Amino acid sequence: MDLIVEGISKAFYLLFTFDKEVFAVTWLSLKVSGIATLISLFIGISAATIVSLTRFPGRKMVISLINMGMGLPPVVVGLFVMILFWRNGPLGFMEMLYTPMAMVIAQAVIATPIVTGISLAALQSLPKDLHLQILALGATRFQMIWILLKESRLPLLAAVMAGFGSVISEVGASIMVGGNIKGSSRVLTTATVMETSRGNFDIAIALSIILLLLIFIINFILTCIQQHERPR
Amino acid sequence: MSCKQAILDVQNVEVNRGGVPVLSIPQLAIMKGEILSLIGPNAAGKSTLLLMLAGLQKISRGKIFFNGQSINEKSVFFDYRRRVTMVFQESLLFDTTVYENVASGLKIHGIKQREIRLRVEEYLERFGILHLIRRSARKLSGGEAQRTSLARAFAIRPEIIFLDEPFSSLDAPTKELLISDLGRILGETKTTAVLATHEQSEALRLSDRLAVMKNGRIVQIGTPTEVINYPVDEFVASFVGTETILMGVVKEKEAGSFIVFVNDHKIEVAGTANLKDEVILCIRPENVMVSKGIASTNTSARNNFRGKIIKINPAGFIHKLHIDCGFPIVAFITNHSLESLSLKTGDDVAVSFKATAIHAIIKKF
């Protein structure tokens with residue numbers, strides 16, 4: 001019990017004293033996961049739009065793969081991204097291993113199927129002929145897609161929350177491809193793992209509380225946008 | 001009709017799905033300002049034809065001309081799509097207010113904000129829903145939603161509007177009001193319209209011409225009177241409400257008429273036919289007169305029979321009498337007449353119909 005109380009008080013101490021290291025780690029977590037989420041949104045929404053609006057052989061298989069990808073284990077992603085950027089790997093020449101960029105890529109790989117799956121479900125839940133109705137009002141194909149996405153905006157916000165939530169809290173891939181290097185690739189989750197393994201439970205609890213606060217604040221903002229948008 | 005200008009001309013068009021033709025239209029001209037109704041059972045190809053005409057369904061073969069220009073040309077196609085629109089069975093409104101819904105088409109067309117406001121108000125007013133302007137589309141009744149959908153389509157001032165069963169999900173009183181308002185607005189705006197419906201009553205109330213469809217083809221096209229009184233085959237006859245369809249053979253000829261034997265009963269038909277011709281006789285129920293008791297001689301009708309009522313079915317404001325005269329025949333009778341004659345199943349009745357009230361289709365081999 002003392003450990004938890006100590007951890008909580010340490011967390012507030014670190015927060016209110018503007019501990020430089022903690023803020024650097026928090027900022028990097030936000031940056032890496034934020035960029036990864038943006039990339040996954042771009043790829044995921046585009047892919048979901050294509051899959052929902054077109055018919056092609058093997059479409060069901062593609063949808064199954066997307067759904068399977070929603071449960072992709074971060075360590076497996078970490079392993080493959082690591083092999084990809086390993087010194088002798090196919091993209092080894094880019095020398096990106098143990099950099100935040102490698103973490104962004106790994107996290108984007110984790111979040112993309114989640115965003116794609118939720119976006120696809122959102123687009124498929126729209127009325128069957130809605131895209132034809134939009135075209136019938138004179139829309140170009142681009143205008144039609146934009147209006148369809150606007151119509152799915154509420155579930156798409158859920159896709160943003162799920163995508164961001166999955167990567168900000170993952171640790172396996174980040175530690176494998178980022179290496180938890182102080183001042184370079186250390187994020188909240190990897191730092192928590194390290195402090196726990198060192199027995200510094202107070203700092204680990206403090207970092208966990210900061211992580212939870214971060215997730216709460218971002219989801220709260222997105223939920224406010226979502227619920228405000230919802231017609232009553 | 002030939003002196004009128006065709007706004008849309010369809011030539012040898014075919015639509016295939018999975019290599020199977022689902023629509024085949026050798027020729028169809030839609031005249032400027034007319035209201036053409038496509039009627040036919042489900043899966044007759046009405047919706048596919050509408051989608052194709054609206055530029056929303058690729059054609060496998062053939063050409064469509066809009067004001068003489070082929071819309072198969074890419075340069076003409078997009079402009080064409082912006083000059084026509086379509087309303088579906090479902091209202092397909094966007095998840096926003098009525099105002100934003102009606103404004104959506106205008107925004108797509110790049111119309112200025114001030115003009116949008118005026119147009120939205122104008123068309124909401126025309127459809128009698130201006131008071132709903134700020135309401136969320138989610139809170140509309142079925143009729144209000146379909147009015148919003150129609151206002152959205154009309155607001156872009158299309159030259160042709162395609163309507164795919166727009167009333168089918170509405171209850172009867174709502175449907176009645178909307179049909180009458182739509183007819184008025186189509187007249188006021190002089191918009192050409194093509195309406196698909198499986199209910200002939202809707203088609204009859206609105207259209208200048210009817211096209212009866214079956215298996216992806218137009219079986220008959222003409223004015224409502226032509227199609228109803230002179231169906232080209234049994235299918236059209238039964239679809240447009242001809243309840244009595246009899247097979248017979250021409251056995252006698254007279255000046256201006258001929259006699260057909262149906263189950264050894266002689267039926268006189270106005271018109272000409274050759275002896276031994278096999279014919280299909282179409283008798284509409286509203287043209288059959290029924291009186292109680294033995295056959296009346298006090299009638300100018302050339303066909304008088306005695307029969308027995310085998311079934312009485314209520315059909316709204318009237319009743320449908322199924323009578324056996326040695327051949328089956330169906331007659332309409334008002335609810336009031338049914339009561340005053342106190343007719344019931346099993347009663348003997350006199351049935352009469354005029355020789356001119358029969359449409360004979362001569363079977364071709």
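These are my notebook entries on the domains, a hairpin, the chain contact and the nonpolar cores of a predicted model.

**Ground rules.** I worked with a predicted model, in which local features need pLDDT of at least 70 and side-chain atom pairs count only at pLDDT 80 or more, while totals for chains, interfaces and linings use all residues. Residues are numbered from 1 along each chain as its sequence is written, and chains are lettered from A and ligands numbered from 1 in the order in which they are written.

**Entry 1, domains of chain B.** I looked up the domain assignment, whose bounds come from an automatic or database source, and found domain 1 (6–238) and domain 2 (244–362) in chain B. Taken over C-alpha atoms, the centres of these two domains of chain B are separated by 38 Å. Eight residues of domain 1 of chain B are in contact with five residues of domain 2 of chain B, where contact means that C-beta atoms, placed from the backbone, lie within 7 Å. On the side of domain 1 of chain B that touches domain 2 of chain B, helix H9 (residues 234–239) of chain B gives the most, with three residues; helices (H or I, at least four residues) and strands (E, at least two) are DSSP runs, numbered from the N terminus.

**Entry 2, a hairpin.** I then followed strand S9 (residues 209–214) of chain B, which pairs with strand S10 (residues 217–222) of chain B in the antiparallel sense over five bridges; pairing requires that DSSP finds at least two bridges between the strands. B:Leu210 has B:Gly222 in S10(B) as its bridge partner. Two residues lie between the strands of this hairpin, and B:Asn215 takes a positive phi near 50° there.

**Entry 3, where the chains meet.** I noted that the contact takes 19 residues from chain B and 13 residues from chain A. On the side of chain B that touches chain A, helix H2 (74–83), strand S6 (84–87) and helix H3 (98–108) of chain B each supply at least two residues, and H3(B) gives the most, with three residues.

**Entry 4, nonpolar cores.** I checked the largest nonpolar core, a set of buried Ala, Val, Leu, Ile, Met, Phe, Trp, Tyr and Cys residues joined through C-beta atoms within 7 Å; a residue is buried if 20 or more other C-beta atoms lie within 10 Å of its own, exposed if 12 or fewer, and partly exposed in between, with C-beta atoms placed from the backbone. Of its 108 residues, B:Phe162, B:Val194 and B:Val351 touch the most other members. Helix H5 (residues 142–155) of chain B gives the most to this core, with six residues.

Methods: Two residues are in contact if their C-beta atoms, placed from the backbone, lie within 7 Å.
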